[in-house]
Amino acid sequence: MTANIKSIDCLIVPEIPATQIAKNADISDPLKLGILASGSGSNFEVIAQAIQNQQLNAQVQVLIYNNPGAIAAVRAEKYGIPSILLNHRDYKKRAELDTQIVKTFQKYDVQWVIMAGWMRIVTKVLLDAFPEKVINIHPSLLPSFPGINAVEQALAAKVKITGCTVHIAHLEVDSGPILMQAAVPVFPDDTAETLHARIQVQEHKIMVGAIALISHQFAV
């Protein structure tokens, strides 16, 4: 029987004690975050909750979402965070979408960009506007299983351990310096749904942890 998704102890590297994360909330000049999300926005809400609970030295300036009806926008309203729909279908080229994203983030004085379930490939337009300050989360232990269907890739490869990664985004998909990773066991009876659910629990932990690392390192 597959263990309950909330009962699995997973290795997180680097590990940050909760007390250290909380201390970051005492540092002045919080990081100004711009969030990109395409769907439910669960990682976005984890960030918003951590800020509200004074666990993170950050504030969300604005959420951009690309799918009409995305639940992420509902979550943003719950926390009083501005949300803006930039439907990628309205743009002929990826760079055109990213140009509008950059303009929006600059309008809201964003310092760091967090791709929290953003299902679009970003271009030099965005990466050059926020050099080494665009963060992505991916459901595998990169560099293993980059790209789409990472969970299905792990199951097909019959690995015993997979996980998730928060990293600085570079132009090559799912590349760039790794900030934090969590290892997740793969059980014999796992499906894509059960494994993804267990990975997502760890995504929520390392997303907050990675932003805490950044806030500690870059706070003025």
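## The overall fold

This chain folds into seven helices and eight strands. Keep in mind that you're looking at a predicted model. Of its 220 residues, 47% count as buried. The chain exposes about 10900 Å², and carbon and sulfur atoms supply 55% of that area.

Now for who touches whom: take the contacts between residues at least 6 apart in sequence, and 68% of them join residues at least 24 apart.

## Helix α4 and its two faces

Helix α4 covers residues 94-107, which makes 14 residues. At 1.5 Å a residue it should span 20 Å, and its end C-alpha atoms are indeed 20 Å apart. Its buried residues are L97, D98, I101, V102, T104 and F105. These cover an arc of only 165° around the axis, so they sit on the same side of α4. That spacing fits a simple rule: an α-helix has 3.6 residues a turn, so residues three or four places apart point the same way.

What does the buried side pack against? Its partners are the strands β2, β3, β4 and β5, plus helix α5. The face turned away from the buried side carries the exposed residues Q106 and K107. After α4 comes D109, with a positive phi near 60°.

## A look at H170

H170 lies in the loop between β7 (161-168) and β8 (178-185). Buried, exposed or in between? H170 is partly exposed, because its relative accessible area is 32%, and that label runs from 20% to 50%.

Leaving aside neighbours within four places in sequence, H170 is in contact with L127, E132, S175, G176 and P177. With E132, the side chains share a polar contact of 2.9 Å. The C-alpha atoms of H170 and D128 are 9.8 Å apart, though 42 residues separate the two along the chain.

Conventions. Residues numbered from 1 in each chain as written. Predicted model: local features only at pLDDT ≥ 70, side-chain atom pairs only at ≥ 80, totals over all residues. Heavy atoms only, no water. Helix = DSSP H or I, 4+ residues; strand = E, 2+ residues; numbered from the N terminus. Buried < 20%, exposed > 50% of the residue type's maximum accessible area, 1.4 Å probe, protein only. Contact = heavy atoms within 4.5 Å. Areas by Shrake-Rupley, 256 points an atom, 1.4 Å probe, with all protein chains shown as cover. Polar contact = N/O pair within 3.5 Å; in protein donor to acceptor, adjacent residues only side chain to side chain. Expected span 1.5 Å × (residues − 1). Arc of directions from axis to C-beta.
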